[in-house]
Number of protein chains: 2
Amino acid sequence: MAKDKGEKTSFQLKVPKGTKDWEGKDMVIRDKIFSTITEVFKRHGAVTIDTPVFELKEILSGKYGEDSKLIYDLADQGGELCSLRYDLTVPFARWLAMNQSVQSIKRYHIAKVYRRDQPAMTKGRMREFYQCDFDIAGTYDPMLPDAEILRITSEIFEALGWKGRYTIKLNHRKILDGIFEVCGVPQDKLRTISSAVDKLDKSPWEEVRREMTEEKGLDGAIADKIGEYVRLKGSTELLEKLQTDETLSANASAKKGLEDMATLFSYLSIFEVLPKISFDMSLARGLDYYTGVIYEVVTEGSAPASSATGAATSEAQNTQQAGKKDKKKGKAGADGDDDRSNDPSVGVGSVAAGGRYDELVGMFSGKTQIPCVGISFGVERIFSITKARMEAEKTAEAVRATDVDVFVMAFGGKGFTGLLPERMQIAKTLWDAGIKTEFSWKVKPKLPQQFKQAENGGIPFCVILGEEELNDGKVKIKEMGLKEGHPEKDGVLVEKVNLVNEVRRRLEDFNRRASGVDVEEITEKVAEASV
Amino acid sequence: MAKDKGEKTSFQLKVPKGTKDWEGKDMVIRDKIFSTITEVFKRHGAVTIDTPVFELKEILSGKYGEDSKLIYDLADQGGELCSLRYDLTVPFARWLAMNQSVQSIKRYHIAKVYRRDQPAMTKGRMREFYQCDFDIAGTYDPMLPDAEILRITSEIFEALGWKGRYTIKLNHRKILDGIFEVCGVPQDKLRTISSAVDKLDKSPWEEVRREMTEEKGLDGAIADKIGEYVRLKGSTELLEKLQTDETLSANASAKKGLEDMATLFSYLSIFEVLPKISFDMSLARGLDYYTGVIYEVVTEGSAPASSATGAATSEAQNTQQAGKKDKKKGKAGADGDDDRSNDPSVGVGSVAAGGRYDELVGMFSGKTQIPCVGISFGVERIFSITKARMEAEKTAEAVRATDVDVFVMAFGGKGFTGLLPERMQIAKTLWDAGIKTEFSWKVKPKLPQQFKQAENGGIPFCVILGEEELNDGKVKIKEMGLKEGHPEKDGVLVEKVNLVNEVRRRLEDFNRRASGVDVEEITEKVAEASV
């Protein structure tokens with residue numbers, strides 16, 4: 001970078017609309033969420049793929065319906081026309097189509113996507129935001145990858161400390177199709193009726209029925225028949241009930257869907273995921289794109305509507321794209337008057353969503369179809385809920401910006417030299433041992449300043465050097481914040497040659513005591529406290 | 001994403017020019033490099049900041065001189081004009097200027113940057129590529145942050161297994177300034193002469209002298225005086241020699257630079273970095289932007305010119321921006337005829353670079369200056385060198401795409417059911433224990449297919465289920481690839497209830513044996529082998 005002298009620029013110091021800098025504790029909490037999720041993906045043998053942040057414009061066009069207007073284009077500076085990616089699914093499908101030797105893969109991708117939407121920063125609706133996708137591509141025996149995805153989903157929310165606080169809503173496109181068929185929904189109304197059904201999570205049946213009949217011109221009797229099905233929720237017993245429903249079983253699509261669900265339920269039972277499942281006949285997630293099971297993770301009542309939920313409304317609807325376009329019919333666009341509405345109750349609690357999409361890759365490859373099933377985690381929403389909870393419980397304060405373990409300091413009376421070489425030497429020894437260490441970058445720092453620096457960083461241990469002690473080959477280790485009466489309250493002198501071991505032992509002990517510096521721990525504590 | 005039926009698009013299936021998908025082993029090696037570097041940063045108390053991928057256009061303008069033409073702009077779709085970031089330094093300076101309460105920070109940032117340059121894919125010169133920056137902002141006692149940055153640099157290359165294979169070239173802008181002054185270089189020739197000096201790493205003195213005198217019109221006597229200084233290389237003894245040079249010591253700038261260097265050397269000695277340092281008077285890194293120490297990490301002869309080096313030419317010159325503009329004077333641009341040239345010997349071995357820049361933040365804040373010192377690691381170059389070495393040594397094959405530890409399989413004779421529920425149950429038990437596990441997504445997989453899947457994934461252990469053994473409450477653990485004669489060559493039957501412990505014990509043992517599946521280990525081995 002060159003310094004253009006004389007040119008005192010007076011530009012506006014800000015980030016572009018709808019974007020933000022991530023820093024401090026937010027960054028630490030977010031990173032912890034990412035690494036927790038990644039660890040689960042890897043436990044199941046997933047690999048990651050990193051695609052460019054922009055794609056050829058033509059790759060994205062015709063994929064997002066009316067939402068295409070939200071795509072960011074690069075300026076035409078000569079050469080190819082490109083656009084910033086809108087999601088991670090299209091680049092994945094493009095990659096699969098380009099790499100036809102890859103007939104199966106489990107891949108995850110955590111990366112930013114871009115939408116020129118009306119931002120609502122307080123709600124977390126951003127123009128640049130993270131998506132976290134996991135997809136399985138390939139031809140396997142029925143429902144096995146589907147079951148593993150739901151197992152992975154469950155492992156992730158358990159690992160995030162959401163035990164008992166989330167529900168996986170599950171349905172099957174073929175069952176819904178069958179229901180609409182046997183109830184007599186006309187072919188041209190399928191999409192719009194499905195979209196109405198999908199609103200049952202936030203509107204009462206009467207309202208959805210009114211929309212179907214008055215707005216969408218569906219026969220009232222047909223609506224009532226639909227209503228009898230789509231208001232059903234349950235688990236194995238609901239599945240059994242539907243399997244004995246002769247009208248439904250006579251429909252090929254519904255029959256296939258119910259068979260899939262029976263297989264899936266048996267697998268989920270072995271995987272111990274079944275208790276978290278709600279078979280929810282109103283879950284529709286749009287008509288196009290999905291071809292089999294569909295699911296959505298909700299965390300009912302877990303987020304106060306005013307803060308956490310409000311601050312997290314955008315992400316999960318953004319994920320796995322399907323359904324959005326349909327739901328937004330006629331009112332989509334950058335004007336903000338869409339289903340990512342300003343009403344904080346909209347979409348409360350959906351923190352992950354996905355389903356099976358067997359016909360998408362074919363759109364790119366032209367010939368080869370590769371069946372896929374996937375899920376997208378609303379990581380920024382998960383972040384917002386986690387953070388809001390931590391703030392409510394006052395546990396956020398305990399999150400440290402760094403995880404430095406030791407601060408090396410020195411003290412002395414008159415003629416104090418600062419013991420800089422000695423401090424540096426001790427720091428070097430600790431670094432060599434892999435111990436996270438800092439010291440003051442002052443030649444002669446005052447002792448209170450050094451303690452303050454250690455305190456500000458939330459650093460748990462100090463190694464304190466004094467001239468006399470050093471002459472005896474000793475240094476002092478002091479754990480910060482020990483209570484009056486603790487035997488090591490004023491620190492303990494150890495042999496300098498044993499320093500690394502002495503520090504290590506105390507650090508291990510400190511970490512065992514799990515004194516609230518661990519985000520996972522905090523999240524778990526908060527979760528327990530607020531159940 | 002919506003499926004637009006009927007619209008069979010015939011677009012070109014490719015990524016934009018100068019970009020690539022990262023996948024497979026490359027992704028694994030790259031991730032390992034990132035995590036190794038990040039670990040060192042964190043050991044020194046660094047935090048990370050994540051800035052948007054695009055900035056307001058005006059933030060970037062006037063920062064890159066002629067290279068500004070390489071900036072990617074977003075299309076004007078209404079609203080603010082934005083550009084993709086060109087490096088990570090300007091966004092960092094912008095962030096510091098926006099957050100004036102932050103008077104000091106150690107931050108790292110690993111992220112993609114964008115340059116509309118002429119790509120040379122085989123050389124790793126990309127339009128989208130990673131930078132990995134570490135910077136310390138704040139006012140401290142002299143040379144302390146500078147010393148720690150060089151210590152961090154050394155720790156990183158040691159951690160990457162480059163022991164003994166890298167040199168940190170070090171110089172000081174103020175010493176160079178002083179030399180030019182005492183030799184009598186006219187003010188208006190300072191930049192261009194400095195730029196010529198910087199070429200001494202790849203051209204003989206005669207050629208550089210010819211450039212100075214013939215091309216740049218410098219007096220031959222002045223050139224000769226410069227030549228006596230800038231051809232010096234060494235360590236403490238060179239510093240001592242310069243300190244006794246009366247001409248130089250009489251110059252205020254040189255005197256200050258030499259004092260800094262003396263302080264720095266004493267610190268580097270304590271940090272045990274001095275043996276890796278080459279005080280190289282020809283290192284110039286451009287005239288603008290840097291105000292104090294400058295450094296560059298080279299790995300002489302470590303990369304064969306035809307592959308690794310060639311494949312890695314772009315990154316390190318791209319880093320820490322300074323000097324580029326100067327060096328490229330009059331020939332920069334998107335035509336490829338710049339210092340990121342097609343000659344694979346250009347810039348061989350520079351894998352990290354940086355220096356002190358005390359006056360940059362003021363460009364943004366207008367008032368507040370925050371002194372900074374930083375380094376940028378050429379991660380894609382480090383990747384290319386690492387990978388080329390691994391390929392040369394045939395150790396790349398050992399890198400696994402995933403790190404799954406256990407493959408659960410089943411076998412049986414006539415009437416074999418596939419034991420799917422049992423396989424799922426065992427997998428679940430292992431996942432619960434945090435053990436990375438896969439099994440075949442087939443109801444009745446054939447045994448050879450299962451072995452093949454385990455082998456293809458390089459999975460070290462199989463858990464094999466047989467009906468009879470299960471009836472006895474036993475399962476078999478088999479380590480793959482054991483040699484004939486090994487007591488567990490054919491696997492060992494263990495109690496099913498002890499499975500987790502039995503697997504854990506063997507995994508720990510396996511990992512201790514460090515059988516070449518670890519990239520760090522491999523890199524180290526390669527490093528040793530090729531010294």
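**Sheet, rings and cavities in a predicted model**

In chain B, nine strands make up an open sheet with mixed pairing, in the order E1-E4-E5-E11-E10-E9-E6-E8-E7. Its edge strands are E1 (47-48) and E7 (233-234) of chain B, each of which pairs on one side only. The model described here is predicted, and a walk through this sheet is a good way to begin getting to know it.

Starting from the E1 edge, E1(B) runs parallel to E4(B), and two bridges link them. Here Val47(B) has Arg107(B) in E4(B) as its bridge partner. Strand E4 of chain B, residues 105-114, is mostly covered, with nine of its ten residues buried. On to the next neighbour: E4(B) and E5(B) are antiparallel and are joined by ten bridges. Arg107(B) appears again at this step, standing opposite Asp135(B) in E5(B). Strand E5 of chain B (residues 128-137) in turn pairs with strand E11 of chain B (residues 372-377), in the antiparallel sense and over six bridges. Within this pairing, Ile136(B) is found opposite Val373(B) of E11(B). As a general point for readers following the strands by eye, side chains in a regular strand alternate between the two faces of the sheet.

Chain A offers a residue to look at in its own strand E5 (residues 128-137), namely Cys132(A). Is Cys132(A) buried or exposed? With a relative accessibility of 0%, Cys132(A) is buried, since the cut-off for that class is under 20%. Leu88(A) lies 44 residues away from Cys132(A) along the chain, yet the C-alpha atoms of the two are separated by 8.2 Å.

Aromatic rings come next. Over all chains, 32 aromatic pairs are counted. One of them joins Phe439(A) and Phe271(B), whose ring centres are 6.4 Å apart and whose planes meet at 70 degrees, so this pair is edge-to-face; the angle required for that class is over 60 degrees. This pair crosses between chains: Phe439(A) belongs to strand E13 (residues 437-439) of chain A, while Phe271(B) sits in the loop between helix H11 (252-270) and strand E8 (277-280) of chain B. Both partners are covered, as Phe439(A) is buried at 3% relative accessibility and Phe271(B) is buried with a relative accessible area of 0%.

Elsewhere in chain A, one aromatic cluster is formed by Phe41(A), Tyr108(A), Phe134(A), Phe157(A), Trp162(A), Tyr166(A) and Phe377(A). Chain B, for its part, shows charged groups placed over tryptophan rings. Lys20(B) has its charged end over the ring of Trp22(B), at 4.0 Å from the ring centre. Likewise, Arg389(B) lies over the face of Trp162(B), and here the distance to the ring centre is 4.9 Å.

The last feature to visit is the enclosed space. How many cavities of 30 Å³ or more does the structure hold? There are nine of that size, and the largest cavity contains about 110 Å³ of space. Its lining is made of 13 residues, and those nearest the centre are Gly78(A), Glu80(A), Cys82(A), Tyr72(B) and Arg127(B). Residues of chain A and chain B are thus listed side by side around this cavity. Sorted by class, the lining of the largest cavity includes six nonpolar, three polar and four charged residues.

Terms used: Residues numbered from 1 in each chain as written. Chains lettered and ligands numbered in written order. Predicted model: local features only at pLDDT ≥ 70, side-chain atom pairs only at ≥ 80, totals over all residues. Heavy atoms only, no water. Phe/Tyr/Trp six-rings, centres within 6.5 Å; stacked < 30°, edge-to-face > 60°. Helix = DSSP H or I, 4+ residues; strand = E, 2+ residues; numbered from the N terminus. Buried < 20%, exposed > 50% of the residue type's maximum accessible area, 1.4 Å probe, protein only. Lys NZ or Arg CZ within 6 Å of the ring centre and 35° of its normal. 1 Å grid on protein atoms, 1.4 Å probe; cavity = no way out; pocket = protein on both sides within 12 Å on 5 of 7 lines; lining within 4 Å. Points joined across faces, edges and corners; volume = space filled by probe spheres on them. Nonpolar A, V, L, I, M, F, W, Y, C, P; charged D, E, K, R; others polar. Pairing = 2+ DSSP bridges.
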